[in-house]
Amino acid sequence: MEEVRVIGFWASPYVYRVIWALNLKGVKYEYQEEDIFNKSDLLLQYNPVHKKVPVFVHGGKVIAESSIILEYIEDTWPQNPLLPTEPHARAMARFWTKFRDDKKPNIYGFFQRAGEEQIKAAKEAQECLKILEEHGPEEKKFFDGDKIGMTDLSLGWLAFWFEGMEEAAGIQVLEATSFPRLHTWIRNFKEVQVIKENHPNQARLLVYFKWLREMYTKPATT
């Protein structure tokens, strides 16, 4: 059996996209933790362009960028498909994955700002989340249908990361009354066995977010 290895960082939602996909497909893999604040020579060798995790290694071939890795996993291991079979539905799944990645600065901005700037950024995040709410699951459990799919994996950060970011930043953005569909989807997502068994420790994640928040908001020194 060819080597399958994931190089990641414990707090990265992008890394968990890959972990979830492999587990959903029943693919055995080796996980290697990377210190992203003191990057190893191996990471720089495997991903010299972006120098980021996750990095995926399969049979000696190296792939970077989580969305690209997900596509590769889907093509290589077709069992338990993550993309719908119908072409338009497949295109829409890719669209929402790209939407999340493109809107990351808009959605996460509140976490990096304080005062009036934070309030403004929170409203901007809510505008982006409102789009997901309006196009989110209504009659079905997940974005891609009744089974968890690629869109759901790409939005998994909402289930385990976003609440910690809100708490660390001292502001609520994803309110249940304003985003009922997304909150229902989060509950359904967390009930999937593979997801239940693979997610970061919430207490540890909150400590990390508080430290990160302090780094973002502390006054610049001259």
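This passage describes the nonpolar core, helices, backbone features, salt bridges and surface of a predicted model.

The structure is a predicted model, in which local features need pLDDT of at least 70 and side-chain atom pairs count only at pLDDT 80 or more, whereas totals for chains, interfaces and linings use all residues. Residues are numbered from 1 along each chain as its sequence is written, and side-chain values use heavy atoms, with hydrogens and water left out.

A good place to begin is the interior. The largest nonpolar core has 71 residues, and Phe56, Phe110, Leu129 and Leu158 touch the most other members. Such a core is a set of buried Ala, Val, Leu, Ile, Met, Phe, Trp, Tyr and Cys residues joined through side-chain atoms within 4.5 Å; buried means under 20% relative accessible area, exposed means over 50%, and partly exposed lies in between (1.4 Å probe, protein chains only). Helix α1 (residues 13–24) supplies the largest share of this core, with 8 residues. In soluble globular proteins, nonpolar side chains tend to be buried together. Leucine 158 gives a closer view of the packing: apart from neighbours within four places in sequence, its contacts (heavy atoms within 4.5 Å) are Leu129, Leu132, Leu174, Leu182, Trp185 and Ile186.

Helix α1 deserves a paragraph of its own. Helices (H or I, at least four residues) and strands (E, at least two) are DSSP runs, numbered from the N terminus. The 12 residues of α1 reach 16 Å from the first C-alpha to the last, close to the 16 Å expected at 1.5 Å a residue, where the expected span is 1.5 Å times one less than the number of residues. Of these 12 residues, 11 are buried, so that α1 is mostly covered. The buried set includes the aromatic residues Tyr14, Tyr16 and Trp20, along with Arg17. In helix α3 (66–76), the buried residues are Ser66, Ile69, Leu70, Glu71, Ile73 and Glu74. Their cover includes α1, β3, β4, α4 and α7 (150–154).

Several backbone features lie in loops. The peptide bond from valine 53 to proline 54 is cis, with omega near 5°, and proline 54 sits in the loop between α2 (41–46) and β3 (55–58). Proline 48 is placed in the loop between α2 and β3 as well, and is partly exposed, with a relative accessible area of 47%. The C-alpha atom of proline 48 is separated by 38 Å from that of proline 137, which is 89 residues away along the chain. Glutamate 65 is not a glycine, yet has a positive phi of about 75°; this residue occupies the loop between β4 (61–64) and α3 and counts as partly exposed because its relative accessibility is 35%. Asparagine 80, also not a glycine, has a positive phi of about 50°. The loop that holds asparagine 80 runs between α3 and α4 (87–102), and the residue is partly exposed at 40% relative accessibility.

Turning to charged side chains, a search of the whole structure finds 8 salt bridges, each defined as a side-chain nitrogen of Lys or Arg within 4 Å of a carboxyl oxygen of Asp or Glu. Side chains of opposite charge can pair when their charged atoms come close. Glutamate 3 and arginine 5 form one such bridge, their closest N and O atoms being 2.8 Å apart; glutamate 3 is partly exposed at 33% relative accessibility, while arginine 5 is buried at 11%. Lysine 25 pairs with glutamate 74, with the closest N and O atoms 2.9 Å apart. Because lysine 25 lies in the loop between α1 and β2 (30–33) and glutamate 74 in helix α3, this pair ties together parts that are 49 residues apart in sequence. Both lysine 25 and glutamate 74 are buried. Lysine 196 and glutamate 191 meet at 3.5 Å, N to O; here lysine 196 is partly exposed at 40% relative accessibility, and glutamate 191 is exposed at 53%. Arg17, Arg100 and Asp101 are linked in a salt-bridge network, and Arg17 is among the buried residues of α1.

Finally, the surface carries a nonpolar patch of Phe37, Trp211 and Met215, with about 300 Å² of accessible area together. Patches are made of residues with over 30% relative accessible area and no salt bridge, like charges being joined within 9 Å and nonpolar side chains (Val, Leu, Ile, Met, Phe, Trp, Tyr) within 5 Å; accessible areas come from the Shrake-Rupley method with a 1.4 Å probe, and for residues only the protein chains shown count as cover. Methionine 215 belongs to helix α12 (residues 202–217) and is partly exposed at 33% relative accessibility.
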